[in-house]
Amino acid sequence: MRPLATAFHRWRMRRMLRRSPIPQRLWQSVTRRILLLRRLDAVQLAHLREMTTWFLDQKSITGANGFAVTTSMKITIAAQACLLILNLGVEYFDGWVEVILYPGAFRVSHPEMDSTGLIRNEASVLAGEAWLRGPVILSWEDVKRDTNHNSAGHNVVLHEFAHQLDSLNGVMDGMPSLTRGMIRKDWAKALSGAYDALCLQVATGKSAFINPYAATNPAEFFAVVSEYFFTAPDILKNCCPSVHKQLMLFYGSRNGVCSS
Ligand SMILES: [Zn+2]
C-alpha cells in the first residue's frame, strides 16, 4: 500500500472507530463466550475489537431467507474472522463485502466435471462456502458449535475467511499474498511438501495426520491448516513443523501486504 493511501486509510479507520464503536459491555459479553479468543492478552483483544468494529462497518452480514441476524451473532462471526488478520491488517479482507448466514447447513448445487469430462450438477450440504471475491456463506448452527466447543482443527469461520485471504491476489490456490520478508519458495516448499504427504496418506488408506479434507486441493489445505494453527497449534507443530513455521511468519507478522 502506498504511504498516502496508508495515511488516508488510517484516518478513515480512526474516524470510523470514533463514530461507531462496539459498546464495551456487548463486546465483553459476546467475546467471553468465544473459546478461541482466550489465548489473547488485553492489548490483542483491544486491537481485535477495533478490527471487528471495522469489519461490521465495512462488510454486510445478512440472513438468508429472512433469517434474523442479531448484533451478537455478527460480532461472533466478525471477531473470529478478524483473528486471522489481527497482525496482517484489514487490507487482507479487501475485494469482497457480503457475508450470508443460514440458520443451519445449506444445500448447494454447483456444476462439476467428472473424470470422463461430463458436467454434473451435484448437490451438497455445506456448513460454509467462500466465493472468489465473496460472498462468504455460513451456517449459524455450525458457527455456534465451533464458537462454544473448541474442537481441534475445526472452525468454519476461520476456514471460510482463510479462503478469502487466499483469494486476495485473484486466485484461491493456497498461495496468499505473503507478508514482507517472507520467501515464496519457502512457503511453497513447506505447504506443498506437507500437502503431497497428506495426499499419499489418504490415497493409501492410512490415517491422516490432519483432517483428510485438506487433501482436496491446495486451497483447502491452506484453509484447514489455518484452522489448526488457531485451534490446535501444537498438533500442527508436531505433524507439520515447516507449515507451522510459515503460518507463524504469515499470521504472526506485523508487516503489511507484500506485492510479490
Ligand atoms: Zn474450504
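The sulfur of C199 lies 12 Å from the closest cysteine sulfur, that of C240, which is too far for a bond. A disulfide here is a pair of cysteine sulfur atoms within 2.5 Å. C240 has its closest cysteine sulfur in C239, at 3.4 Å, and that is also too far for a bond. The resulting count is zero disulfides.

I should state that this is a predicted model, in which local features need pLDDT of at least 70 and side-chain atom pairs count only at pLDDT 80 or more, while totals for chains, interfaces and linings use all residues. Residues are numbered from 1 along each chain as its sequence is written, and side-chain values use heavy atoms, with hydrogens and water left out.

As for accessibility, C199 is partly exposed at 24%, whereas C240 is buried at 4%; buried means under 20% relative accessible area, exposed over 50%, and partly exposed in between, with a 1.4 Å probe and protein chains only.

I turn now to the zinc ion. Its protein donors are H159 (NE2), H163 (NE2) and two OE atoms of E220, lying 2.0 to 2.7 Å from the ion. Donors are N, O and S atoms within 2.8 Å of the metal (3.2 Å for Na, K and Ca); water is not among the atoms, so sites may look incomplete.

In sequence, the donor residues follow the spacing H-x3-H-x56-E. H163 sits in helix α6 (residues 156–166) and E220 in helix α8 (residues 218–231), so this pair ties together parts 57 residues apart in sequence. Helices are DSSP runs of H or I, at least four residues, numbered from the N terminus. H163 is buried, at 3% relative accessible area, and E220 is buried at 12%.

Key: Helix = DSSP H or I, 4+ residues; strand = E, 2+ residues; numbered from the N terminus.
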